[in-house]
Amino acid sequence: MAGKAGKPENRHVTEKIGVVGAGIVGLAVARELAAARGAEVTVLEKEGRVGAHQTGHNSGVVHAGIYYPPGSLKARLCREGVALLKEYCAAHDLPYHEVGKLVVASTHAERPLLNALAERARANGVPGIAELDALALREVEPHAVGVGAVHSPHTAICDFPAVAARLAQDVAELGGSVRTGHPVRAIRERSGKVEVLAGRRRFAFDRLVVCAGLGTDAVAGMTGAAGDVRIVPFRGEFYALRGAARDLVRGLIYPVPDPRYPFLGVHLTRQIGGGVLVGPNAVLALAYEGYKRRNFRNFRQILGWPGTLRMARAHWRTGLKEVYGSLAKSAFLKGARRYVPELTAADLERAPGGVRAQAVARDGRLVDDFVVDVHGQVVLVRNAPSPAATSSLAIARHIAGIVPALVR
Ligand SMILES: Cc1cc2nc3c(=O)[nH]c(=O)nc-3n(C[C@H](O)[C@H](O)[C@H](O)COP(=O)(O)OP(=O)(O)OC[C@H]3O[C@@H](n4cnc5c(N)ncnc54)[C@H](O)[C@@H]3O)c2cc1C
């Protein structure tokens with residue numbers, strides 16, 4: 001509408017923004033857009049509850065920012081995310097415990113990698129980083145062994161599903177809605193609007209943000225922005241420590257990661273509820289929601305992406321080792337005993353696992369950093385693997401800055 005001087009009237013218009021996916025990233029994005037931009041947000045989730053996939057099946061570690069290349073989005077958003085998450089948990093009375101992490105070198109050959117990790121952590125501004133020798137690391141974790149360790153005393157654990165549930169409540173309190181049981185089936189952009197068919201309902205939004213985790217490629221395909229990376233699912237299997245064996249671990253005990261991979265290696269992780277997890281490994285899955293070994297539901301899409309075969313060719317030895325570790329409990333135990341030798345087979349019982357949504361490029365490269373793309377009115381989160389749960393509130397701010405502003 002024109003004003004007196006013929007210029008558009010500067011009246012307030014409420015933007016309607018849709019968000020696909022009620023994982024921790026989608027919910028954090030929805031909350032941020034509602035709170036900071038005053039948008040009317042609608043979150044569309046295919047499952048019957050929030051946090052049903054990666055958000056509800058992870059290690060529960062609030063990563064401090066040790067591993068990520070300085071200057072990367074992961075490095076920046078992880079550090080910012082930790083601060084925001086700590087504050088958020090305190091404000092909403094959600095559990096957050098700084099149990100501390102040891103990254104342990106078990107051979108002298110790993111020393112240079114460990115030293116490089118300590119340097120990287122300092123460059124990323126991780127507080128309290130200390131390099132410990134074989135004796136000093138036992139003061140932190142009395143049952144752990146190694147030739148040295150990096151100690152991150154402020155690495156924490158939290159309950160990501162509880163955070164996601166609270167974010168959903170915030171969205172509702174800010175006037176938005178979280179619609180579970182609404183699988184997004186079709187998307188089209190028309191006359192400046194994004195029309196979405198979800199379940200049996202049609203929605204029209206000014207903007208759409210896709211945070212669909214393992215479902216990213218399917219939703220990206222609906223927007224006509226297939227992109228040049230694809231999600232390859234990696235199953236992460238866990239064991240849990242039984243009974244008194246839990247007392248062998250105080251906080252978090254991690255191996256020195258193989259720098260060729262974005263995965264951190266099988267670790268021992270204390271949980272908010274008092275348990276201790278061992279895992280996860282990283283096994284290529286042939287179904288996006290391939291929680292079970294024999295699920296091959298999406299093998300055509302996954303193996304049809306040239307990057308998958310190129311990646312498999314380059315890393316087949318590691319891949320076979322991971323498959324062996326998946327089938328043989330003894331291999332899992334061996335990995336854990338490298339750091340806590342008192343553990344026995346009787347101390348380990350199977351625990352539910354998760355599936356990571358990891359982007360792989362056409363040339364077979366595992367995409368390390370977070371990736372967010374803009375395609376018309378649609379913002380697509382293409383890669384949000386670990387530490388995206390830790391970083392979720394910072395990712396949300398980052399995305400809110402990217403979602404194109406509404407000009408009327
Ligand atoms: C085994 C494992 C361990 C991990 N450990 C850690 C850790 O310790 N610390 C950490 O920070 N991170 C960790 N991560 C990573 C972390 O869990 C993820 O990075 C984070 O949860 C990603 O959140 P998200 O919202 O993007 O994805 P998700 O939680 O997977 O949410 C995506 C949502 O989109 C929905 N969806 C998909 N398609 C559609 C559709 N068509 N219509 C509607 N909805 C749709 C899905 O149902 C799902 O609910 C781990 C991950 C795994 C698997």
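A polar contact is a pair of N or O atoms within 3.5 Å. With that cut-off in mind, the tour of this predicted model may begin at the ligand.

**First stop: the ligand and its polar contacts**

Select the ligand together with Gln 54, Asn 58 and Ser 59. An N or O atom in the side chain of Gln 54 is 3.1 Å from an oxygen atom of the ligand. At Asn 58, a polar side-chain atom lies 3.0 Å from an oxygen atom of the ligand. Turn next to Ser 59, where the backbone takes part: one of its polar atoms is 3.2 Å from a nitrogen atom of the ligand. Taken alone, the ligand exposes 1000 Å², and the protein buries 97% of that area.

**Second stop: the shell around the ligand**

Extend the selection to the residues around the ligand, which number 39. Those that come nearest are Glu 45, Thr 55, Val 61, Ala 384 and Thr 390. Colouring the shell by residue class shows 19 nonpolar, 16 polar and four charged residues. Which helices and strand each supply at least two residues of this shell? They include helix H1 (24–37) and helix H11 (388–402), together with strand S19 (348–361).

**Third stop: from helix H1 to helix H5**

Remain on helix H1 and select Arg 31, whose side chain meets that of Asp 170 in a salt bridge with an N to O distance of 2.9 Å. This pair links distant parts of the chain, since Arg 31 belongs to helix H1 and Asp 170 to helix H5 (residues 160–173), 139 residues apart. Is each partner buried or partly exposed? Arg 31 has a relative accessible area of 21% and is therefore partly exposed. Asp 170, at 8%, is buried, because buried means under 20% relative accessible area.

Add Arg 166 and Glu 173 to the selection. Their side chains also meet in a salt bridge, at 3.3 Å from N to O. Arg 166 counts as buried at 19% relative accessibility, whereas Glu 173 counts as exposed at 55%. With these two residues in view, the arrangement can be seen as a network of salt bridges that links Arg 31, Arg 166, Asp 170 and Glu 173.

**Fourth stop: a pair within helix H2**

Select helix H2 (residues 73–91) and display the side chains of Arg 76 and Glu 80. These residues form a salt bridge in which the closest N and O atoms are 3.5 Å apart. Why are Glu 80 and Arg 76 separated by about one helical turn? The reason is that they are four residues apart in this helix. Both ends of the pair are partly exposed: Glu 80 at 35% relative accessibility and Arg 76 at 41%. Over the whole structure, a search finds 19 salt bridges.

**Fifth stop: a nonpolar patch on the surface**

Switch to a surface display and select Phe 296, Phe 299, Leu 303 and Leu 309. These residues form a nonpolar patch, with about 350 Å² of accessible area together. Leu 309 is found in helix H8 (residues 306–314), and its relative accessibility of 42% makes it partly exposed.

**Last stop: a buried loop residue**

Finally, select Ala 225, in the loop between helix H6 (216–223) and strand S14 (229–241). Ala 225 counts as buried, at 4% relative accessibility. A distance drawn from its C-alpha to that of His 315 spans 29 Å, and the two residues are 90 apart in sequence.

How values were computed:
Residues are numbered from 1 along each chain as its sequence is written. This is a predicted model: local features need pLDDT of at least 70, side-chain atom pairs count only at pLDDT 80 or more; totals for chains, interfaces and linings use all residues. Side-chain values use heavy atoms; hydrogens and water are left out. A residue is near a molecule or strand if one of its heavy atoms lies within 4 Å of it. A polar contact is a pair of N or O atoms within 3.5 Å; within protein, one must be able to donate a hydrogen and the other to accept it, and residues adjacent in sequence count only if both atoms are side-chain atoms. Accessible areas come from the Shrake-Rupley method with a 1.4 Å probe; for residues, only the protein chains shown count as cover. Ala, Val, Leu, Ile, Met, Phe, Trp, Tyr, Cys and Pro count as nonpolar, Asp, Glu, Lys and Arg as charged, and the others, Gly among them, as polar. Patches are made of residues with over 30% relative accessible area and no salt bridge: like charges are joined within 9 Å, nonpolar side chains (Val, Leu, Ile, Met, Phe, Trp, Tyr) within 5 Å. A salt bridge is a side-chain nitrogen of Lys or Arg within 4 Å of a carboxyl oxygen of Asp or Glu. Buried means under 20% relative accessible area, exposed over 50%, partly exposed in between (1.4 Å probe, protein chains only).
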